[in-house]
Amino acid sequence: MDDAKFMRRAVELASTTVGSVSPRPPVGALVVSPSGEIVGEGWDVASPGPHAEVMALEAAGSSAHGATVYSTLEPCSHTGATGPCADALIAAGVKRVVVGVRDPNPKVSGRGLRRLRAAGINVRTGVARAACWSLIEPFGKWIRSGLPFITLKMAATLDGKIAAPDGTSRWITGPKARAEVHDLRRRVDAVLVGSMTVARDDPLLTYRLENATTPQPLRVVIDGSGRTPPEARVFNDDASTLVVTSETITEDHVEAWRSAGAEVVRVPAGESGIDVRSALEVLGARGLCHVLVEGGPTIASSFVERGLVDRFVLYVAPKLLGGDAPGLLNDGAKTLSDAWSLRIDGIRRVGDDIRIDASPERA
C-alpha cells in the first residue's frame, strides 16, 4: 500500500475546507480497500456536521471492513458535537489506520491512537507530517493557547517602503500578488487592520475570487482613537465587521459604528490606544483560529513588538521610493542586537514581485 500517495489525496481533501470549518481543524480522510481502491472519501465540515473519518466510512459502507483508513489528523476520542471517530473506526472493522499528525487538542493528543491500538488495529503515524501539520497549525495554536494564529502580510518596495510620501500605497505590488492576497483572505477566519488604514485607504477587506464558496472572513478594525469613519466601505453588507475599541472611546463613536452595521467590543487601553493581546483574546474566544493582519506600520509594529506574529508574508515589488517614505514598522529596534530575527521559510516570484514567507526565531 502506497501510504504517501493516499495521504497526499487526504491532504488535498482537507485543503478544500481551509477557512470554512473553524474552530474545527481542516481534516481529510479516505478509506482504501485491501486491493488499493479508494472506496470512501471525507472531509471535516462546519460543526455540527460529521468529521472526515465518519464521512469517509459512510461513503465506503460495508467496504470499510478490513480496509485501511488514511486521515490527516489523529481520529478524535472524545464526544463533542459528534461521537468519537476512533470508536466509529473500530465499529466499522477497519484493519489499519494511517495518520498524518497527532491531534494537538489536549482532549485527544494520543488517546485516539491508543484506543485504536487497544482494539487491535494496526496504526502508523507521521506520514506526510509536514503537509498535514501545515493544515492545522492555526488550530494547534488556538486549541493550546486560546489565541488565534497571526499571519502578518505586508507589501513593500525593494528599499522597504510601504507607501509614497503623499500616502499612496494601493498599487505597490502587481496583479498576481494582489490575487494571492485575496486567496490568503479566503483561507483565514478574520482580516484585521488598524483605523488609520480604514481612514486612509477605505478597503473592503473581502476576498474577490471567482467560484469561491468559502465564507467571507470577519473584518476586524482596531480603533483606539475613534478615527474610523462610519461611512467606510468596511461596514458594507459584503461581510460582518467587528470594531475593537478601548474603554476610553465615547458612546457616540460606538453608536455610530453600530448604526453602520458593525459589532463593537471594548478592551483595555494600551500604550498605542488598544491592548492588542486583549483584542486577540476576544477573537480567540469566538473560535477564530487564523487572523490575517493587513494593517500599516502602526498596527504591524504593535504585533511584532509584542511577539504576537506567527508567520510573515512579505511581498517585495521591484520599485524604489527612498526619502522619508514610511517603512514596514513605525518603531524599530534601537540597536542591531535588538533586531527581530526571522527564519526564511520560502522565497518565490509572483509575477514581477517576490514573495517571502518567514517565521519568528523563537528564543
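Helices (H or I, at least four residues) and strands (E, at least two) are taken here as DSSP runs numbered from the N terminus. The structure is a predicted model, in which local features need pLDDT of at least 70 and side-chain atom pairs count only at pLDDT 80 or more, whereas totals for chains, interfaces and linings use all residues. Residues are numbered from 1 along each chain as its sequence is written, and side-chain values use heavy atoms, with hydrogens and water left out.

Helix H9 provides a starting point, since it contains Leu-280. With burial defined as under 20% relative accessible area, exposure as over 50% and partial exposure as the range in between (1.4 Å probe, protein chains only), Leu-280 counts as buried at 1% relative accessibility. When neighbours within four places in sequence are left aside, and contact is taken to mean heavy atoms within 4.5 Å, Leu-280 is in contact with Leu-147, Pro-148, Ile-150, Phe-303 and Leu-308. The C-alpha atom of Leu-280 is separated by 31 Å from that of Glu-210, a residue 70 positions away along the chain.

Helix H9 (residues 276-285) also holds Arg-277 and Glu-281, which lie 4 residues apart and are thus separated by about one helical turn. These two residues form a salt bridge, with 3.8 Å between the closest N and O atoms, where a salt bridge is a side-chain nitrogen of Lys or Arg within 4 Å of a carboxyl oxygen of Asp or Glu. Arg-277 is partly exposed, with a relative accessible area of 41%, and Glu-281 likewise counts as partly exposed at 41% relative accessibility.

By this rule the count comes to 20 salt bridges. One of them joins the side chains of Glu-180 and Arg-348 at an N to O distance of 2.8 Å. Because Glu-180 lies in helix H6 (residues 175-186) and Arg-348 in strand E13 (residues 342-350), this pair ties together parts that are 168 residues apart in sequence. Glu-180 is buried, with a relative accessible area of 19%, whereas Arg-348 is partly exposed at 38%. Both residues belong to a network of salt bridges that links Glu-180, Arg-311, Arg-348, Arg-355 and Asp-357.

Another salt bridge is formed by the side chains of Glu-294 and Arg-185, with an N to O distance of 2.7 Å. Glu-294 is placed in the loop between strand E11 (290-293) and helix H10 (297-305), and Arg-185 in helix H6, so that the pair ties together parts that are 109 residues apart in sequence. Glu-294 and Arg-185 are both buried.

Helix H10 is itself mostly covered, 7 of its 9 residues being buried. The buried residues of H10 are Pro-297, Ile-299, Ala-300, Ser-301, Ser-302, Phe-303 and Val-304, and they pack against strand E6 (149-157), strand E7 (190-194), strand E8 (218-223), H9, E11 and strand E12 (311-317). Just after H10, Gly-307 takes a positive phi of about 65 degrees.

A further buried position is found in strand E9 (residues 241-246), where Thr-245 is located and where this residue has 0% relative accessibility. Apart from its neighbours within four places in sequence, Thr-245 is in contact with Asp-223, Gly-224, Val-254, Trp-257, Val-264, Val-265, Arg-266, Val-267 and Ile-274.

Helix packing was examined with axes defined as lines fitted to C-alpha atoms, for helices over the stretch in contact, and with angles running from 0 to 180 degrees between N-to-C directions. The axes of helix H1 (residues 3-15) and helix H5 (residues 129-145) come within 10 Å and cross at roughly 15 degrees. H1 and H5 are therefore roughly parallel to each other, given that angles under 35 degrees count as roughly parallel, over 145 as roughly antiparallel, 65 to 115 as roughly perpendicular and the rest as oblique. The contact is made by Met-7, Val-11, Ala-14 and Ser-15 of H1 together with Ala-131, Cys-132 and Leu-135 of H5.

Helix H3 (residues 85-92) and helix H4 (residues 111-118) pack at an angle of about 20 degrees, with their axes 9 Å apart, and are therefore also roughly parallel to each other. Their contact is made by Ala-86, Asp-87, Leu-89 and Ile-90 of H3 and by Gly-112, Arg-115 and Leu-116 of H4.
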